[in-house]
Structures are given as structure tokens and as C-alpha cells.
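Student: I am new to this structure and should like to study a single part of it closely. Would you please take me through the salt bridges, setting them in the context of the whole chain?

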Amino acid sequence: MGRNASIATAAQLQALEHTYTTTSNNDNSTQRLIERIENMFRCPSDHIGYLKSDDFGKDVLRLNKKVRGILEEESRCVFLQSPAYVFGDIHGNLEDLHFFSDNIWNLGMGLTAGK
């Protein structure tokens, strides 16, 4: 089903893209887009209808188009000076983040591989 699902998803995205490119692209529509996305993040449970709608998909595509140039200019690598802690892939797992905060960060910079 993987390949068929990818084809179906691509077809849906193309259909959404055609409908959103015909809408206004001025500053007022950009401000409304920002407000819709911000409101949804403030209280997602109040915006379930929006999250399940074609409008949400169109807004994500609009947002993607607006930030694409910025993201393409950014470096894919971040160069850090030692000592540094790098934590990745917590994907919103606050329990893990609290564990790191309580058990590792308070140990101080003296306890690093760079020392």
C-alpha cells in the first residue's frame, strides 16, 4: 500500500496546490494565514474541524511556500563549540526533557566529554 498511498497523497496535494494558488497572496491574506495557524496552536482541541479540513492543508502549503526560501538559505549543519550537550529526537516528549533538565544540565559544564 505504501506506493499507492504515496501516489494518492501526491494527487491530493496537487489538487490542494491548484486551489490555493488561485487565492489572494497579499499581506492581508498572509496575516489571516498567520492568525489561523497561531489560533490553532494556542488551543488545538478547539480547532479540530479546521485541522481536518482542506483549508488546513491549503494553509500548510501556503506557509511552506512563504518560508521555503528562508529555509533553503539556512545551513543544514550547526557548528558548536565544546563543551555542548546535544539532545535530539525528543519529539515533544516533555518527560524526557524534564529528565535531562533535572539530571544532566545541573551537573554543570565540568562533566562533559570535552573536559
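Tutor: Let us begin with the setting. The model is a predicted one, and the mean pLDDT of the protein chain is 76, with 70% of its residues at 70 or more. Confidence varies along the chain: the lowest mean, 62, belongs to helix 1 (residues 2–21), and the highest, 91, belongs to helix 3 (residues 48–51). The protein chain contains five helices and zero strands, so that its pattern, read along the sequence, is α-α-α-α-α. Of the 115 residues in the protein chain, 13% are buried. The chain exposes about 9600 Å², and carbon and sulfur atoms supply 55% of that area. Among contacts with a separation of 6 or more, 52% are between residues 24 or more positions apart.

We may now turn to the salt bridges. Side chains of opposite charge can pair when their charged atoms come close. A search of the whole structure finds four salt bridges, and three of them deserve a description here, beginning with the pair formed by Asp 59 and Arg 36. The closest N and O atoms of Asp 59 and Arg 36 are 2.7 Å apart. Because Asp 59 belongs to helix 4 (residues 54–73) and Arg 36 to helix 2 (residues 27–42), this pair ties together parts that are 23 residues apart in sequence. The two partners have their own surroundings. Asp 59 has a relative accessibility of 1% and therefore counts as buried, the cut-off being under 20%. Arg 36, with a relative accessible area of 31%, is partly exposed.

Asp 59 has a further partner, for Arg 62 also forms a salt bridge with it, the closest N and O atoms being 2.5 Å apart. Here both residues, Arg 62 and Asp 59, lie in helix 4, three residues apart, about one turn of the helix. Arg 62 has a relative accessibility of 14%, so it counts as buried. Taken together, Arg 36, Asp 59 and Arg 62 are linked in a network of salt bridges. In this network, Asp 59 is paired with Arg 36 and with Arg 62.

Another pair is found in helix 2, where the side chains of Arg 42 and Glu 38 meet in a salt bridge at 3.8 Å, N to O. Arg 42 and Glu 38 are four residues apart in helix 2, about one turn of the helix. Arg 42 is exposed, since its relative accessible area is 60%, and the cut-off for this class is over 50%. Glu 38 is partly exposed, with a relative accessible area of 38%.

Finally, a word on cysteines. The count of disulfides comes to zero. Cys 43 has a relative accessibility of 27% and so counts as partly exposed. Cys 77, at 48%, likewise counts as partly exposed.

Conventions. Residues numbered from 1 in each chain as written. Predicted model: local features only at pLDDT ≥ 70, side-chain atom pairs only at ≥ 80, totals over all residues. Heavy atoms only, no water. pLDDT = per-residue confidence, 0-100. Helix = DSSP H or I, 4+ residues; strand = E, 2+ residues; numbered from the N terminus. Buried < 20%, exposed > 50% of the residue type's maximum accessible area, 1.4 Å probe, protein only. Contact = heavy atoms within 4.5 Å. Areas by Shrake-Rupley, 256 points an atom, 1.4 Å probe, with all protein chains shown as cover. Disulfide = S-S within 2.5 Å.
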